[in-house]
Amino acid sequence: MLDEKITYEKEKYQDFKVSELGVRLARMQRICESLKIPVLIIVEGWESSGRGYVINDLVRELNRKFVDVDVFNNQSDEERKYPFLRDFWIKIPRKGYLKIFDRSFYYDLMNDLEMGKSELKTKIEFINSFEKALYDDKTVVIKYFLDVSQKEQKSRMEALENSDLKSFYIDMYDKEQNKNYDTYKAQFSKIIEKTNTDYAKWHVINAEDEKYASKETLGIALEEIEKGIERVSTHRENGVRFQRDYKAKNKPLNDLDLTKKLSDKEYDAILKDLEKEVASTVVRFHKENIPTMLVFEGMDAAGKDGAIARLIRYVDPRLYTVHAISAPDESENARNYLWRFYNRMPQDGKMGIFSRSWYGRVMVERVEGFASDNEWERAYGEMLDMEKQFYEHGGLILKYFVVIDKDIQLERFQDRENDVDKQYKITEEDWRNRDKWDKYLEAENEMIDRTNVQYAPWILVEGNDKKYARIKVIKEFLNRAEKFLKDKEK
């Protein structure tokens, strides 16, 4: 059994029937569905500890239209082409749904005894941040670890050895864990201790008796969901006290020299060669299996899409995807705001280009009131955490912010209205945003000041002259990509 420091849940529910607890849980599920509260239940434990038995009892009385069970084993080769948590981010529950993870992001950590201390520490930090992001987004997170003795584990394995279900229920880790029980026990205890938080507490269940384990998991689920409903409802009704520690120090956008220009002759002389160099660089990244994310933000009409078009003109279209990000649709709004961006992450060897991005959370959603003060304030850290996961996976991420002044923006707006081929680019929303120029500038300065980091830097592009801006975008990509490759070789 686990380390003595890891205590079992108290026996509270042994006098109840499993069916009675299941009916009560179904009632809680209906409340969560009506209040649009997502619930994530993680079931971990020793191999042959009865996870399937417990999960069956957890879902038996629930409305299956609002319940999903995802089973995770070792990551496949395809899944390993993405950052560690990406596969779990894209499977988080919708608002009002209950999701059960049979095994989870803890599986590799618990079973890979050769994982280095640095990698283990980094992954634990990412997991804690992930669970905190879900908790802050009103998700109820419940984690179980089913604990059995070495003797009981071996007994269950022997019972399945001659069963038709052997191939389904027994894998390499069953025998490996039982043979090296004490080593795995120490690993499990260490991980549980480091990921046992106020917002995602571990519930260690004595699973020597499967029926006992089912009753305890059902009862604890009732408790945790009830507390979650109270927490979420109280926040929604009364609000949460909002405090900001940020004091504006740097205003990087205010100091740019927007008079920088490039003549037609200079532009034409270098553009094509640079574009072809980009194409060959992207192929090198593909051969090295390095994923790339490029973010393009900026004022309306700053020329983001024109810069993207020149950057990738000669790049093999099989190697990149351009994502035009607009307001989230119904499916995207039903999940955490980062869900749609984890879904669009490029795999190893591919490039993902974002024309607008997750930074809308701290710009348009902040200024227009689509996100609460608490939501956009905590987003700075959540977005950096996503970017760091991508970087730690071995990816290159560059963020461009294209800057123009207010007069140039007016000229471009008017040009768009007068040009039949460009009228689709100008909307009433663009004009409304222009009326809030100062508020947007304040939000943009803070965003760049707080999220300009070594592993995901902002590149400020002077955009009054489109030719100058396009060449700067290309040169910055080439210079930083080359440095990234050289650092990788070292």
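**View 1. The side chain of Gln177 reaches the backbone nitrogen of Glu47 at 2.9 Å.** Gln177 sits in helix H8, residues 172-179 (helices are DSSP runs of H or I with at least four residues, numbered from the N terminus). This is a predicted model, in which local features need pLDDT of at least 70 and side-chain atom pairs count only at pLDDT 80 or more, while totals for chains, interfaces and linings use all residues. Residues are numbered from 1 along each chain as its sequence is written, and side-chain values use heavy atoms, with hydrogens and water left out.

**View 2. Here are the surroundings of Gln177.** Leaving aside residues up to four places away in sequence, Gln177 touches Trp46, Glu47, Asn111, Gln153, Tyr184 and Phe188 (contact means heavy atoms within 4.5 Å). With a relative accessible area of 1%, Gln177 is buried (under 20% relative accessible area, 1.4 Å probe, protein chains only).

**View 3. Domain 1 (18-238) meets domain 2 (264-489).** These bounds come from an automatic or database domain assignment. The domain centres, taken over C-alpha atoms, are 37 Å apart. Domain 1 gives 19 residues to the contact and domain 2 gives 21. Between them the domains bury about 2100 Å², 55% of it on carbon and sulfur atoms (accessible area, 1.4 Å probe, lost on being put together and summed over both parts).

**View 4. Helix H5 (117-136) lies on the side of domain 1 that touches domain 2.** H5 supplies the largest share of that side, five residues. Helix H3 (86-89) also gives two or more residues.

Note on methods: Buried area is the accessible area (1.4 Å probe) that two parts lose on being put together, summed over both. Buried means under 20% relative accessible area, exposed over 50%, partly exposed in between (1.4 Å probe, protein chains only). A polar contact is a pair of N or O atoms within 3.5 Å; within protein, one must be able to donate a hydrogen and the other to accept it, and residues adjacent in sequence count only if both atoms are side-chain atoms.
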